[in-house]
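Dear colleague,

I am handing over the structure below, and I would ask you to keep it open beside this message while you read. After it I set out what was found, going from one part to the next.

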Amino acid sequence: MMHFIGTDEAGYGPNLGPLVVSATCWSWQSPDSSAHILHQPHKIPTPRVVGQQPFLFADSDCDPTVFLSMTQSKKSLKGHSLNTLQAADALEELVGSFGTCVQESLASLAALKIGDSKKIYRKEHLSSLEFPVLVTLLASQSVQAHAISEQDFSWPQLVNRLGDIAPAPFWEVDFAPGLPLDAATGTPAELRHTAQMLARLWSPATGLILRSINSRRVYPREFNQMLSRGLKSDLLAEVTLGLAANAVHKIDTSATTDAHDTIVLLCDKLGGRNSYRDYLEHFFPDRTLTIMTESRPLSCYQLLGPRTTLFVRFQVHGESQPPTALASMVSKYVREVSMTAFNQYWQSKVPKLAPTAGYPLDARRFMAEIDPVRKKLAMDDASIWRNK
């Protein structure tokens with residue numbers, strides 16, 4: 001059995017609203033005979049240290065709010081062994097085969113599209129995100145284990161299903177609308193029906209399963225606290241790999257996982273860096289790491305564990321693969337709804353206030369217009385404004 005985890009974010013650039021990172025977790029019974037190559041250890045020459053740069057790591061249990069100072073070593077590789085290259089080729093082929101399998105499984109559900117959220121979402125058409133996000137979440141194994149009820153169609157319940165335990169900020173305390181928000185998405189009954197159809201396509205009987213979808217929101221105050229202890233790219237890596245490490249742990253400890261299983265973690269490049277070795281050694285301390293490649297388009301690692309083999313790929317345009325693409329859609333949807341709550345809160349207090357998406361230029365306009373009310377309510381900047 002192979003397992004795929006895809007991660008992606010939304011809201012990395014804005015000054016207002018949350019950073020949202022999501023992870024989708026899948027299992028797949030691969031028909032490809034080349035999968036056996038991935039179960040073998042693949043060693044390469046020891047990398048040469050070419051420079052150092054300080055960065056920060058989260059402390060125990062992948063808690064991204066507690067940091068320890070550590071040192072990052074940038075490595076350059078001086079060649080690969082044959083079996084490492086074979087493994088890299090086999091991994092590339094299997095990732096592509098899995099992506100094809102997911103897309104082909106959707107052929108009978110023409111209305112359901114999974115792709116890069118930046119290409120699928122169009123402003124004023126939330127349904128382009130809302131429909132696939134709600135349907136896939138309801139079809140996931142973690143939700144199907146419970147009866148789907150009317151309670152599943154509300155914002156608080158969605159956040160709960162996504163496993164996000166972040167305390168609601170002041171603008172979301174009384175925000176509890178029913179879902180879907182966009183009438184074009186369909187009715188709850190229609191969404192439930194489509195989710196049940198999808199659950200039959202993604203099931204043990206077909207060998208393709210969407211195990212779970214999880215998200216983590218980082219609101220301005222926590223964002224600024226984390227940023228004060230490190231670089232913005234480190235913050236993104238901490239949240240992303242913390243979420244991924246939890247997904248890997250759940251697979252490792254599952255009763256259905258055996259020693260021949262392979263886990264593939266698919267990520268977009270985080271902050272433009274090429275070396276992720278020390279991040280991975282921190283979040284997966286019980287695994288032996290081998291660098292397969294580190295380059296501008298792709299950085300790939302093998303981590304041998306006590307029970308499973310983990311491969312991690314950081315790839316430019318990682319949203320081309322369905323696990324990462326769906327994670328990007330979930331993150332974008334969660335952020336859009338959170339920004340709806342943010343705008344509605346301030347529009348209820350400031351007449352004729354135009355909504356904002358939170359990006360730097362318009363965010364300054366928005367902050368200037370709410371400033372008199374914010375001061376009257378004694379709200380500090382740190383609860384609203386992200387420093388970067």
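With which residue does R365 form a salt bridge, and how far apart are the closest N and O atoms? The partner is D362, and the closest N and O atoms of the pair are 2.9 Å apart. Please keep in mind throughout that this is a predicted model.

**Salt bridges in helix 11**

Both residues of that pair belong to helix 11, where R365 and D362 are 3 residues apart and therefore separated by about one helical turn. R365 also forms a salt bridge with E369, and here the closest N and O atoms are 3.7 Å apart. Since E369 and R365 are 4 residues apart in helix 11, about one helical turn separates these two as well. The spacing makes sense because an α-helix has 3.6 residues a turn, so residues three or four places apart point the same way. It also helps to remember that side chains of opposite charge can pair when their charged atoms come close.

As for how open these residues are, R365 is partly exposed, with a relative accessible area of 22%, D362 is partly exposed at 31%, and E369 is partly exposed at 36%.

**Salt bridges elsewhere**

In total the structure holds 16 salt bridges. One of them joins R221 to D380, with the closest N and O atoms 2.9 Å apart. R221 lies in helix 7 (residues 220-227), whereas D380 lies in the segment after helix 11 (360-376), so this pair ties together parts that are 159 residues apart in sequence. R221 is partly exposed, with a relative accessible area of 39%, and D380 is partly exposed too, with a value of 35%. There is also a network of salt bridges, in which D371, R374, K375 and D381 are linked.

**Helix 7 and its neighbour**

Although R221 is partly exposed, helix 7 is largely enclosed by the rest of the structure, because 6 of its 8 residues are buried. Those buried residues are P220, E222, F223, N224, M226 and L227.

Helix 7 packs with helix 8 (residues 232-252) at an angle of about 115°, their axes being 9 Å apart, and the crossing of the two helices is right-handed. On the side of helix 7 the contact is made by F223, M226 and L227, while helix 8 contributes K232, L235 and V239. Sorted by class, the residues of this contact are 5 nonpolar and 1 charged, with no polar residue.

**Helix 3 against helix 10**

A second crossing is that of helix 3 (residues 127-139) and helix 10 (residues 322-347), whose axes come within 9 Å and cross at roughly 115°. That angle makes helix 3 roughly perpendicular to helix 10, and the crossing of helix 3 and helix 10 is left-handed. From helix 3 the contact involves S128, L129, E130, P132, V133, L134 and T136, and from helix 10 it involves L326, M329, V330, K332 and Y333. These residues divide into 8 nonpolar, 2 polar and 2 charged.

What does V133, a residue of helix 3, touch if residues up to four places away in sequence are not counted? V133 touches M329, V330 and Y333. With a relative accessibility of 3%, V133 counts as buried, since the cut-off for that word is under 20%. The C-alpha atom of V133 is separated by 9.4 Å from that of V334, although the two residues are 201 residues apart along the chain.

**A residue of helix 1, and the chain as a whole**

L91 lies in helix 1 (residues 82-105), and at 1% relative accessibility L91 counts as buried. The C-alpha atoms of L91 and R313 are separated by 9.7 Å, while along the chain these two residues are 222 residues apart.

To set these details in their wider frame, the protein chain has 11 helices and 9 strands, and 57% of its 388 residues are buried. Among contacts in the chain between residues at least 6 apart in sequence, 72% join residues at least 24 apart. The pairs V133 with V334 and L91 with R313 are useful places to look when you trace how separate parts of the sequence are placed in the model.

With kind regards

Technical notes: Residues numbered from 1 in each chain as written. Predicted model: local features only at pLDDT ≥ 70, side-chain atom pairs only at ≥ 80, totals over all residues. Heavy atoms only, no water. Buried < 20%, exposed > 50% of the residue type's maximum accessible area, 1.4 Å probe, protein only. Axes fitted to C-alpha atoms, helices over the stretch in contact; angles between N-to-C directions. Parallel < 35°, antiparallel > 145°, perpendicular 65-115°, else oblique. Left-handed = near helix turned anticlockwise from the far one by under 90°. Contact = heavy atoms within 4.5 Å. Nonpolar A, V, L, I, M, F, W, Y, C, P; charged D, E, K, R; others polar. Salt bridge = Lys/Arg side-chain N within 4 Å of Asp/Glu carboxyl O.
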